[in-house]
Amino acid sequence: MSAEVAIALALALMLTAVAAVFVVRTRRVVATPTERAVHAALHTASLAARALRRGLDTESARTAAPFLRGLTVTDGLALFDGDGELLARDGDEPLWQADVVDACAVTARDSIAGQRRVLKSVRATAVSDWRLAAVIAQPLLTESGDVLGALVVVTAGTPGPGMLGAIGEVARYAASQIELAELDASRARLDRAEVLALRAQISPHFIYNALNTIASFVRTDPDRARELILEFADFTRYSFRAAGQYTTLAEELRNIDRYLTLERARFGAALTVRLQVAPEVLNVVVPFLALQPLVENAVRHGLAGQGGGAVEIVARDEGADCVITVEDDGAGMDPDTLRAGHGDALADRTDQSAHVGLTNVDHRLRAAFGNDYGLVVETAIGAGTKVVMRVPKFRSGVRAGGGAYG
């Protein structure tokens with residue numbers, strides 16, 4: 001055997017071996033029919049969920065209906081709202097003749113009225129292939145039993161137990177996605193309401209005092225008055241913005257600096273401020289207006305009553321967390337009055353607006369990051385007050401300028 005022939009045979013054997021390995025590996029990668037069916041069902045369910053997580057309306061129902069029909073393996077599917085109004089339907093158009101549509105509407109209303117499943121037969125004489133159709137309605141129920149709407153399917157012949165079970169499971173799945181959408185919407189409304197409450201707290205007293213301070217400089221120091229007007233304009237523009245429920249610590253501190261500039265103009269040398277911030281935490285995301293109530297409370301309730309004092313703001317890096325403290329050397333309060341729980345503790349501040357502001361921030365921190373995060377208040381009579389805020393340096397789904405449930 002020549003050297004060339006030997007090399008050729010060796011190469012052929014190597015290629016054969018590589019091909020065999022490829023075939024074996026490919027066979028291992030290719031899923032079984034059952035695995036492919038499961039994967040297809042999960043993919044279809046995720047596509048339906050993507051639409052329903054926007055809530056149940058005409059648009060989301062129209063998008064979700066084909067995927068839900070695929071999961072039920074039926075000939076037609078319709079979605080109705082909680083009032084029994086048709087939102088969308090899917091299936092071959094010849095199926096949806098008047099008697100079938102009417103039967104769907106009737107069974108949907110019956111299921112919404114309290115029957116968990118309704119089966120009706122209807123003769124669809126206009127189409128030769130549809131001498132008899134089975135119409136099955138399943139209410140879309142929340143975990144607490146509230147009715148969100150109805151899922152109605154149409155199929156030829158008599159449905160068996162397997163199909164009926166599948167329809168029930170698909171209806172429960174669709175209802176859970178719609179319920180999650182409503183919970184997301186409720187949480188977003190609550191977040192907006194809490195921010196509005198903080199804005200309402202800012203506006204009455206601080207704006208009045210700031211304008212009075214600016215007015216006092218108009219005649220004596222016009223340049224200073226102009227600077228303060230610009231600071232006041234930037235402060236109010238940020239505080240009353242509509243750009244999301246979260247922001248960065250750097251943006252919050254920038255606005256706090258504007259606030260303190262106006263307060264120092266009011267108190268003069270009586271108010272001193274010390275700021276110490278680790279650069280690596282400047283991009284940490286925090287709830288919008290989370291620091292404002294803490295600093296305002298330190299100035300307004302800790303210092304104003306005694307004519308001045310000092311405020312210290314520290315933000316430090318603690319591993320996976322950022323810890324922010326706002327401390328004043330004001331009058332403080334009796335620690336014995338701090339009853340069990342944050343709500344009671346914060347309620348004992350001397351002014352109701354302080355209670356509103358601090359409990360608001362505490363609630364928003366816990367809602368965004370969990371109960372491991374929130375406010376801790378340390379105080380004693382004559383020893384000032386220290387408020388500690390702990391937030392994670394990163395939390396999936398929480399981003400500056402946007403919302404929290406991703």
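This report covers the confidence of a predicted model and a few of its ring contacts.

Local features are taken only where pLDDT is at least 70 and side-chain atom pairs only at pLDDT 80 or more, while totals for chains, interfaces and linings use all residues. Residues are numbered from 1 along each chain as its sequence is written, and side-chain values use heavy atoms, without hydrogens and water.

The predictor's confidence in each residue is given as pLDDT, from 0 to 100. Its mean over the protein is 76, and 71% of the residues reach 70 or more. Helices (H or I, at least four residues) and strands (E, at least two) are DSSP runs numbered from the N terminus. Among these elements, strand S10 (residues 321–328) has the highest mean pLDDT, 93, and helix H9 (residues 342–347) the lowest, 41.

Two stretches have pLDDT below 50, listed here with their contacts (heavy atoms within 4.5 Å).

| Stretch | pLDDT | Contacts in the model |
|---|---|---|
| Residues 338–356 | below 50 | 38 contacts, beyond near neighbours in sequence |
| Residues 402–406 | under 50 | 15 contacts, beyond four places in sequence |

The structure holds 3 aromatic pairs. Rings of Phe, Tyr and Trp (its six-membered ring) pair if their centres lie within 6.5 Å; planes under 30 degrees apart count as stacked, over 60 as edge-to-face and the rest as tilted. One of the pairs, Phe235 with Tyr259, is tilted, with 6.2 Å between centres and 35° between planes. Phe235 belongs to helix H6 (residues 222–239) and Tyr259 to helix H7 (residues 249–267), so the pair links distant parts of the chain, 24 residues apart. Phe235 is buried (under 20% relative accessible area, 1.4 Å probe, protein chains only; exposed is over 50%, partly exposed in between) at 0%, and Tyr259 is buried at 1%.
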